[in-house]
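Dear colleague,

Please find below the structure that I am handing over to you. My notes on what was found in it follow directly after.

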Amino acid sequence: MAEARTFRLRVRHGKAGRLSMLSHLEITHALERLVRRSGLPFALSQGFSPHMKIAFGPALPVGVGGTDEVFDVTLTAYVAPDKALSALKASAPFDLMPQACTYVEPQAPAASVAFPVSSYEVCLSCPLESMRVPESVTLVRKGKEKELRCADFLEGEPRLTPEGFTFALRSKETGSLRADAFASALLAESCEGGVAPAIVSFTRCALSA
């Protein structure tokens, strides 16, 4: 018997306000509930414990918002993108609001790997007079230290802005550099011997290939 045709809907959405303090796992649960409430004909996996066929974009650290986040949900029937967007918006909280819907081919890269470059904007309590980019960042995972060279992950040079600074990081198959860890290291390096300004807001403003 021929396999039923399915349709892969890619949804762009935000993550703002209090929802910025949710973990990636909590956000994925919220998005699944959003799709269920919308009434869209989502597909289920096969097996003993079927679950929604949904895939999420790159994770954000707790406390970091996003203006261009993404997830893919597989539908069992075609729904016009504008109607799908309206249904999702009607079921979404303002801080997780869907912004656009498009269909992607079944063989297209998964949302988690389709956009390896993340661009960030950091607003500070007071601007930096100058900026020094750290050579490396030391992370502690499961009691073990790991040193990552910033140059291996940076896309271009970080830039000062009147409000703070911007930067872009590329994730790799071998791992990634957490945006919050890099921002903290950059502030420590730039304000060595002094008090670093506080981070007022931290936002991923774009996902790209």
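In these notes, contact means heavy atoms within 4.5 Å. Please also bear in mind that this is a predicted model.

With that meaning of contact, valine 62 touches Ser20, Met21, Leu22 and Ser23, once its neighbours within four places in sequence are left aside. Valine 62 sits in the loop between strand E2 (54-56) and E3. Is valine 62 buried, partly exposed or exposed? Its relative accessible area is 47%; because partly exposed covers the range between the 20% limit for buried and the 50% limit for exposed, valine 62 is partly exposed. From the C-alpha atom of valine 62 to that of lysine 89 the separation is 24 Å, the two residues being 27 apart along the chain.

Aromatic contacts

The count of aromatic pairs comes to 9. In one of them, the ring centres of tyrosine 120 and phenylalanine 202 are 5.8 Å apart. The planes of these two rings stand at 80°, and planes over 60 degrees apart count as edge-to-face, so the pair is edge-to-face. This pair links distant parts of the chain, 82 residues apart: tyrosine 120 belongs to strand E5 (residues 117-124) and phenylalanine 202 to strand E10 (residues 199-208). Tyrosine 120 has a relative accessible area of 5% and is therefore buried, the limit being under 20%. Phenylalanine 202 is likewise buried, at 8%.

A further pair is formed by phenylalanine 167 and phenylalanine 182, with 4.9 Å centre to centre and 55° between the planes, and this pair is tilted. Phenylalanine 167 lies in strand E9 (residues 164-170) and phenylalanine 182 in helix H4 (residues 179-190), so the pair ties together parts 15 residues apart in sequence. Phenylalanine 167 is buried, with a relative accessible area of 4%, and phenylalanine 182 is buried with a value of 0%. These four residues, together with Phe165, form one aromatic cluster.

Two charged side chains also lie over aromatic rings. Arginine 12 is placed over the face of phenylalanine 115, at 4.7 Å from the ring centre. Lysine 172 is placed over the face of phenylalanine 153, at 5.4 Å from the ring centre.

Cavity and pocket

How many cavities of 30 Å³ or more does the structure hold? There is 1, and the volume of the largest cavity is about 110 Å³. Its lining includes His13, Lys15, His24, Phe56 and Glu69. Strand E1 (7-15), helix H1 (24-38) and strand E3 (65-75) are the elements that give two or more residues to this lining. H1 gives the most, with 4 residues. Sorted by class, the lining of the largest cavity has 6 nonpolar, 4 polar and 2 charged residues.

The largest pocket has a volume of about 350 Å³. It is lined by 20 residues, of which Pro58, Ala59, Tyr120, Ser176 and Leu177 are the closest to its centre. E5 and E9 are the elements that give two or more residues to the lining of this pocket. By class, the lining of the largest pocket divides into 10 nonpolar, 5 polar and 5 charged residues. Two of the residues named above recur here: Pro58 is part of the lining of the largest cavity, and Tyr120 belongs to the aromatic cluster.

With kind regards

Note on methods:
Residues numbered from 1 in each chain as written. Predicted model: local features only at pLDDT ≥ 70, side-chain atom pairs only at ≥ 80, totals over all residues. Heavy atoms only, no water. 1 Å grid on protein atoms, 1.4 Å probe; cavity = no way out; pocket = protein on both sides within 12 Å on 5 of 7 lines; lining within 4 Å. Points joined across faces, edges and corners; volume = space filled by probe spheres on them. Nonpolar A, V, L, I, M, F, W, Y, C, P; charged D, E, K, R; others polar. Phe/Tyr/Trp six-rings, centres within 6.5 Å; stacked < 30°, edge-to-face > 60°. Buried < 20%, exposed > 50% of the residue type's maximum accessible area, 1.4 Å probe, protein only. Lys NZ or Arg CZ within 6 Å of the ring centre and 35° of its normal.
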